Amino acid sequence: MGKATGFLEIDRQDQKYLPAADRIRHYREFTLPLDDKDVGKQAARCMDCGIPFCHGPTGCPVNNQIPDWNDLVYHDDWEEAVRNLHSTNNFPEFTGRICPAPCEEACTLNLEDVPVTIKTIEQAIADKAWAMGWIKPEIATVKTGRKVAVVGSGPAGLAAAQQLARAGHDVHVYEREPAAGGLLRYGIPDFKMEKHHIDRRVRQMEAEGVSFHYGVNIGVSMSFADLKAGHDAVLLAGGAETPRDPTLPGAELEGVHFAMPYLVQNNRRIGGEDVSKEEPLLTTGKHVVVIGGGDTASDCVGTSFRQGAISVTQLDIRPRPPEKEDKLAIWPYWPTKMRTSSSQAEGAEREFQAVTLGIVGKNGRVTGVKIARADEKRRPIEGTETVLRADAVFIALGFTGPVKAGMIDQSGVELDKRGNVLATDRDYRSSMDKVYAAGDMRRGQSLVVWAIREGRQAARAIDEALMGATTLPR
């Protein structure tokens with residue numbers, strides 16, 4: 001619980017950012033970490049709140065034991081804090097950087113708008129663990145002789161693969177791209193999480209016995225039947241990649257793209273992969289419009305600024321949210337309130353209640369986006385139409401489920417009403433024998449922390465099915 005009176009004596013202090021004018025000049029992470037002494041003070045603010053909502057179902061999907069490792073950090077027992085944190089989360093350096101921190105919204109101190117800086121403390125624990133050499137391969141002492149395939153190396157696939165390898169299984173991860181990480185590597189920009197964090201986890205997992213097979217597209221370069229025949233179990237963890245298409249008039253114009261091809265190409269470029277054979281998606285010297293109000297849209301904003309965009313406007317069909325939520329009506333659940341991401345704070349113009357009517361152009365190239373104000377039912381209000389100047393437009397309206405062509409079609413698995421692979425969060429079994437599903441491919445687009453949870457739980461279900469019992473945590 002930290003210091004009993006810490007929350008009364010110590011003010012909330014969080015990490016700061018480099019100034020926007022400096023950070024948009026590069027793609028590196030730009031947070032300024034607290035030193036150990038200040039992290040210890042922040043951990044001391046964790047109070048004896050009776051029911052710690054921070055790690056219950058409303059706070060942390062992986063059920064991090066937040067009060068416990070806060071207390072350990074306060075008492076300067078960092079090494080035990082590392083062990084405690086890793087007991088529930090395989091990759092805390094990922095979530096400590098990119099999780100939106102529902103745990104802090106659920107913190108009892110958030111009733112006074114000063115929650116414990118849980119996310120910052122989590123990142124500090126994980127980063128110190130790597131710096132001190134405390135994170136080492138955990139190699140299974142007994143091998144089971146069972147062979148498991150994991151399709152996809154995003155956070156769900158990586159978490160499942162690591163857990164299964166530690167249980168003694170022969171784990172093979174099949175990844176379509178040249179490197180592991182899924183959207184951690186190819187979707188999330190480096191300025192939010194640099195990719196060396198993924199690389200060192202892959203090295204750890206390889207030392208634990210996980211085999212990575214890159215450039216293998218199941219359902220295309222390898223049939224699903226061959227994959228299934230060669231393994232005792234198969235976990236589908238390929239994510240939800242089909243973009244939500246608003247079918248806007250003018251979407252075929254040059255300069256209009258879905259968000260992910262833009263982000264993926266830039267991440268590949270920054271990562272040193274060859275993109276010379278692709279159409280360059282660059283915003284240098286352009287007026288950019290991003291359609292969508294979520295995290296992917298925000299990533300397009302930050303990337304556009306770093307590429308040298310003249311202006312970036314983000315369109316959100318939702319009304320402008322209140323600056324502050326009604327605590328007594330919402331807490332400890334995730335509230336709808338005005339939030340400004342670091343990318344938006346770099347100079348984006350935000351348009352709320354903006355219905356995109358279509359995209360206009362000249363000589364086959366985009367020149368603007370036609371919008372109108374939305375009423376309470378998100379319908380355009382007549383007479384409010386206007387055209388925003390645009391040389392580049394990115395559509396970031398989320399995803400509708402996994403890609404069906406190839407692996408899903410060949411597997412024969414049953415889909416749910418939303419087009420995701422049908423499986424419960426109890427056993428993660430699909431409708432096909434020895435085939436399982438986890439992560440966004442099962443639950444739909446979600447957070448990295450939810451993917452890690454699903455991967456861990458799916459690993460337990462697979463281990464139990466193969467061995468009749470399991471010691472893996474749920």
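**Exercise 1. Place K41 in its helix, and describe how helix α3 is packed.**

Step 1. K41 is found in helix α3, where helices are DSSP runs of H or I with at least four residues, strands are DSSP runs of E with at least two, and both are numbered from the N terminus. The model is predicted, so local features need pLDDT of at least 70 and side-chain atom pairs count only at pLDDT 80 or more, whereas totals for chains, interfaces and linings use all residues. Residues are numbered from 1 along each chain as its sequence is written, and side-chain values use heavy atoms, with hydrogens and water left out.

Step 2. K41 has a relative accessible area of 39% and is therefore partly exposed; buried means under 20% relative accessible area, exposed means over 50%, and partly exposed lies in between, with a 1.4 Å probe and protein chains only.

Step 3. Helix α3 covers residues 36-44, and its buried residues are D38, V39, G40, Q42, A43 and A44. An α-helix has 3.6 residues a turn, so residues three or four places apart point the same way.

Step 4. The buried residues of α3 pack against α1 (6-9), α4 (66-74), α5 (78-86) and α8 (118-131), a contact being heavy atoms within 4.5 Å.

Step 5. K41 and P243 are 202 residues apart along the chain, and their C-alpha atoms are separated by 44 Å.

**Exercise 2. Describe the surroundings of E29 and of Q265.**

Step 1. E29 lies in the loop between α2 (20-23) and β2 (31-32), and because its relative accessibility is 18%, E29 counts as buried.

Step 2. The side chains of E29 and R97 are joined by a polar contact of 3.0 Å. A polar contact is a pair of N or O atoms within 3.5 Å; within protein, one must be able to donate a hydrogen and the other to accept it, and residues adjacent in sequence count only if both atoms are side-chain atoms.

Step 3. With neighbours within four places in sequence left aside, the contacts of E29 include R97, D190, F191, K192, M193, E194 and H197.

Step 4. Q265, by comparison, has its place in helix α13 (residues 259-270), and Q265 is buried, with a relative accessible area of 3%. Not counting residues up to four places away in sequence, Q265 touches V275, E278, E279, P280 and L281.

**Exercise 3. Work out what S311 touches at the start of its strand.**

Step 1. S311 lies in strand β10, which covers residues 311-316, and a relative accessible area of 26% makes S311 partly exposed.

Step 2. When residues up to four places away in sequence are not counted, S311 touches K286, H287 and V288; with H287 there is also a side-chain to side-chain polar contact of 2.8 Å.

Step 3. S311 and V301 are 10 residues apart in sequence, and 9.5 Å apart in space from C-alpha to C-alpha.

**Exercise 4. Examine the backbone at P332, N363 and Y428.**

Step 1. Most residues other than glycine have a negative phi, and most peptide bonds are trans.

Step 2. The bond that joins W331 and P332 is a cis peptide bond, with omega about 10°, and P332 has its place in the loop between α15 (327-330) and β11 (349-352).

Step 3. N363 is not a glycine, yet its phi is positive, at about 55°. N363 is found in the loop between β12 (354-362) and β13 (365-373), and at 76% relative accessibility it counts as exposed.

Step 4. Y428, which is not a glycine either, has a positive phi of about 60°. Y428 is found in the loop between α16 (407-411) and β17 (435-437), and Y428 is buried, with a relative accessible area of 0%.

**Exercise 5. Describe the protein as a whole.**

Step 1. The protein has 18 helices and 17 strands. Its radius of gyration is 23 Å, close to the 23 Å that the globule rule gives for 474 residues, so the protein is as compact as a globular protein of that length; the radius is taken over C-alpha atoms, and the rule is 2.2 Å times the number of residues to the power 0.38.

Step 2. Taken along the principal axes, the C-alpha atoms fill a box of roughly 70 × 60 × 40 Å.

Step 3. Of the 474 residues, 54% count as buried, and residues 24 or more positions apart account for 67% of the contacts with a separation of 6 or more.
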